[in-house]
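The following exercises ask the reader to work from a sequence and its three-dimensional model. Each task is followed by a solution in steps.

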Amino acid sequence: NVVRYPGGSYKESAILHKICQVTLHSLPAYLMDTMAYMMGKKPVMIRVVEKMHKAQKAIEYFATNEWAWSTDNVEKLNMELTEVDKQIFNFDMSALSWPDFIEDYIKGTRQFVFKEDLATLGEARRHAHKMFWIEACLQVLLFIAFCKLLVWLLC
């Protein structure tokens with residue numbers, strides 16, 4: 001079960017990134033694990049967040065840098081292929097439907113990596129949509145509370 005709407009971003013400032021990790025990941029995890037412990041359930045969120053931070057650190061270099069790749073040789077090779085070879089060795093990326101590819105990628109990850117039944121995809125989408133709006137409303141309420149606090153402190 002998803003507790004929050006999934007998302008994320010890297011910050012240019014390492015300090016800001018750490019502040020976001022603590023306030024948006026670690027503190028809620030400790031709070032949820034404390035509540036779970038008080039209800040006699042096994043606390044697991046801290047371990048999940050630690051694994052998430054470890055995975056995030058592992059991909060940070062690749063997610064925060066940019067590379068330019070030359071495809072000249074691939075394009076030349078594609079031009080030299082016969083029509084029969086083009087059918088057998090189809091690597092013409094211009095014919096790829098990226099929306100269909102991403103849809104299949106998500107379904108494959110869900111089915112083969114997370115071992116989830118594709119029959120629950122509609123339910124998961126509805127739940128994610130609901131979590132999106134809950135989080136959006138919460139952000140608006142927190143922004144209003146922050147503004148009221150600022151007005152109260154400054155006046």
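**Exercise 1. Salt bridges**

Task: How many salt bridges does the model contain, and which residues does Glu 103 pair with?

Solution.

Step 1. The model is predicted. With a limit of 4 Å between a side-chain nitrogen of Lys or Arg and a carboxyl oxygen of Asp or Glu, the count comes to five salt bridges.

Step 2. One partner of Glu 103 is Lys 107, with the closest N and O atoms 3.9 Å apart. The two residues are separated by about one helical turn, because they stand four residues apart in helix α5. Lys 107 is partly exposed at 30% relative accessibility, and Glu 103 is partly exposed at 29%.

Step 3. Another partner of Glu 103 is Arg 125, at 2.8 Å from N to O. Glu 103 belongs to helix α5 and Arg 125 to helix α6, so this pair ties together parts that are 22 residues apart in sequence. Arg 125 has a relative accessible area of 47% and is therefore partly exposed.

Step 4. Through shared partners, the salt bridges join Glu 103, Lys 107 and Arg 125 into one network.

**Exercise 2. A pair within one helix**

Task: Why are Glu 60 and Lys 57 separated by about one helical turn, and is each of them exposed or partly exposed?

Solution.

Step 1. The side chains of Glu 60 and Lys 57 form a salt bridge, at 3.2 Å from N to O.

Step 2. Both residues are in helix α2, three residues apart, which means a separation of about one helical turn. In general, an α-helix has 3.6 residues a turn, so residues three or four places apart point the same way.

Step 3. The cut-off for an exposed residue is over 50% relative accessible area. Lys 57, at 60%, is therefore exposed. Glu 60, at 27%, is partly exposed.

**Exercise 3. A distant pair in sequence**

Task: Where does Thr 64 lie, and what is the distance in space between Thr 64 and Tyr 10?

Solution.

Step 1. Thr 64 is found in the loop that runs between α2 (45-63) and α3 (72-80). Its relative accessible area of 44% makes Thr 64 partly exposed.

Step 2. Although 54 residues separate Thr 64 from Tyr 10 in sequence, their C-alpha atoms are 7.4 Å apart.

**Exercise 4. Arg 110 and the loop that follows α5**

Task: Is Arg 110 buried or exposed, and which residues does Arg 110 touch beyond four places in sequence?

Solution.

Step 1. Arg 110 is part of helix α5, which covers residues 98-113.

Step 2. Buried residues are those under 20% relative accessible area. Arg 110 has 11% and therefore counts as buried.

Step 3. Leaving aside residues up to four places away in sequence, Arg 110 touches Lys 115, Glu 116, Asp 117, Leu 118, Thr 120, Leu 121 and Ala 124.

Step 4. Among these contacts, Lys 115 sits in the loop between α5 and α6 (121-154). Lys 115 is exposed at 67% relative accessible area. Its phi is positive, about 55°, although Lys 115 is not a glycine.

**Exercise 5. Helix α6 and the nonpolar patch**

Task: Which residues of α6 are buried, and which helix do they pack against?

Solution.

Step 1. Helix α6 has 34 residues and spans 49 Å from its first C-alpha to its last, close to the 50 Å expected at 1.5 Å a residue.

Step 2. Its buried residues are Leu 121, Met 131 and Glu 135. The buried residues of α6 pack against α5.

Step 3. Helix α5 also holds Phe 101, which is partly exposed at 37% relative accessibility. Phe 101 belongs to a nonpolar surface patch with Met 93, Leu 96, Trp 98, Ile 102, Tyr 105 and Ile 106, and together they have about 690 Å² of accessible area.

**Exercise 6. Cysteines**

Task: How many disulfides does the structure hold, and how far from Cys 137 and from Cys 147 is the nearest cysteine sulfur?

Solution.

Step 1. A disulfide is a covalent bond between the sulfur atoms of two cysteines. The cut-off applied is 2.5 Å between sulfurs, and the structure holds zero disulfides.

Step 2. For Cys 137, the nearest cysteine sulfur is that of Cys 147, 16 Å away. Cys 137 is partly exposed at 46% relative accessibility.

Step 3. For Cys 147, the nearest cysteine sulfur is that of Cys 155, at 12 Å. Cys 147 is partly exposed, with a relative accessible area of 29%.

Note on methods:
Residues numbered from 1 in each chain as written. Predicted model: local features only at pLDDT ≥ 70, side-chain atom pairs only at ≥ 80, totals over all residues. Heavy atoms only, no water. Buried < 20%, exposed > 50% of the residue type's maximum accessible area, 1.4 Å probe, protein only. Contact = heavy atoms within 4.5 Å. Expected span 1.5 Å × (residues − 1). Patch = residues over 30% accessible without salt bridge, like charges linked within 9 Å, V, L, I, M, F, W, Y side chains within 5 Å. Areas by Shrake-Rupley, 256 points an atom, 1.4 Å probe, with all protein chains shown as cover.
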